[in-house]
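Hi,

Here is the structure I promised to pass on. Have a look at it, and my notes follow underneath.

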Amino acid sequence: MDFIMGFLFNNLHWFWFAVMILCILLEAVTIPLISIWFALSALILIFISLLKLPFLLQSVIFFIIAAVLLIFTRPVFLKKMQKKTKTNIESLEGKEVPVTKKISKFEKGLVKINGLLWAADSLQNQEIPEGTVCKIVSIHGNTVTVEPVI
């Protein structure tokens with residue numbers, strides 16, 4: 001047993017390498033982006049362990065580095081990873097479309113979007129004649145709200 005402990009303490013860089021691999025494997029099977037910071041901390045400790053510092057001090061350094069990485073860099077990476085992509089409906093906002101049936105204050109009209117007819121109402125309850133080019137302002141259910149392009 002003394003041989004194993006002596007070997008381990010003389011070769012702590014291999015211990016930190018194993019910790020790094022385990023953390024990477026754990027991150028690969030989980031989603032929350034937490035153990036990757038411990039893997040990076042273990043990577044740093046591989047080099048720090050070559051200074052032959054006591055194992056307890058190395059462990060403290062490991063947890064301090066991991067905590068700093070987790071607290072300060074994880075939110076940045078989460079924000080970068082959660083970029084919102086527009087859905088098909090959201091991508092229609094701002095698009096210019098022709099009115100195919102007159103839009104009046106009290107009656108919805110029709111606009112042609114990508115070859116399909118959509119119910120439409122005007123942004124300020126104004127009358128928009130057929131043939132007018134309008135810009136889609138918003139979408140509510142199956143009705144688009146448009147305003148004339150000036």
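Strands E1 (residues 96–101) and E2 run antiparallel and are joined by 2 bridges; Val99 has Val111 as its bridge partner in E2. This is a predicted model, by the way. On its other pairing, E2 goes with strand E3 (residues 116–122), again antiparallel, over 5 bridges, and there Ile113 is partnered by Leu116 of E3. E2 and E3 make a hairpin with 2 residues between them, and Asn114 in the turn has a positive phi of about 50°.

Side chains in a regular strand alternate between the two faces of the sheet. You can follow that along E2 (residues 109–113): Gly109, Val111 and Ile113 point to one face and are buried, while Leu110 and Lys112 point to the other and are not.

Now the helices. The largest nonpolar core has 15 residues, and those touching the most other members are Trp16, Val19, Met20, Ala42, Leu45, Phe62 and Ile65. Helices H2 (12–29), H3 (35–48) and H4 (55–81) each give two or more residues to this core, with the largest share, 6 residues, coming from H3. Leaving aside residues up to four places away in sequence, Leu45 touches Trp16, Gln58, Ile61, Phe62 and Ile65. There is also a second, separate core of 14 residues, which includes Val99, Ile128, Ile139 and Val144.

One last thing, on the surface: Met1, Phe3, Ile4, Met5, Phe7, Leu8, Phe9 and Phe55 form a nonpolar patch with about 860 Å² of accessible area together. Helix H1 (residues 2–10) gives the most to this patch, 6 residues. Met5 sits in H1 and counts as partly exposed, because its relative accessibility is 34%.

Cheers

Terms used: Residues are numbered from 1 along each chain as its sequence is written. This is a predicted model: local features need pLDDT of at least 70, side-chain atom pairs count only at pLDDT 80 or more; totals for chains, interfaces and linings use all residues. Side-chain values use heavy atoms; hydrogens and water are left out. A nonpolar core is a set of buried Ala, Val, Leu, Ile, Met, Phe, Trp, Tyr and Cys residues joined through side-chain atoms within 4.5 Å. Buried means under 20% relative accessible area, exposed over 50%, partly exposed in between (1.4 Å probe, protein chains only). Helices (H or I, at least four residues) and strands (E, at least two) are DSSP runs, numbered from the N terminus. Contact means heavy atoms within 4.5 Å. Patches are made of residues with over 30% relative accessible area and no salt bridge: like charges are joined within 9 Å, nonpolar side chains (Val, Leu, Ile, Met, Phe, Trp, Tyr) within 5 Å. Accessible areas come from the Shrake-Rupley method with a 1.4 Å probe; for residues, only the protein chains shown count as cover. A salt bridge is a side-chain nitrogen of Lys or Arg within 4 Å of a carboxyl oxygen of Asp or Glu. Two strands pair if DSSP finds at least two bridges between them.
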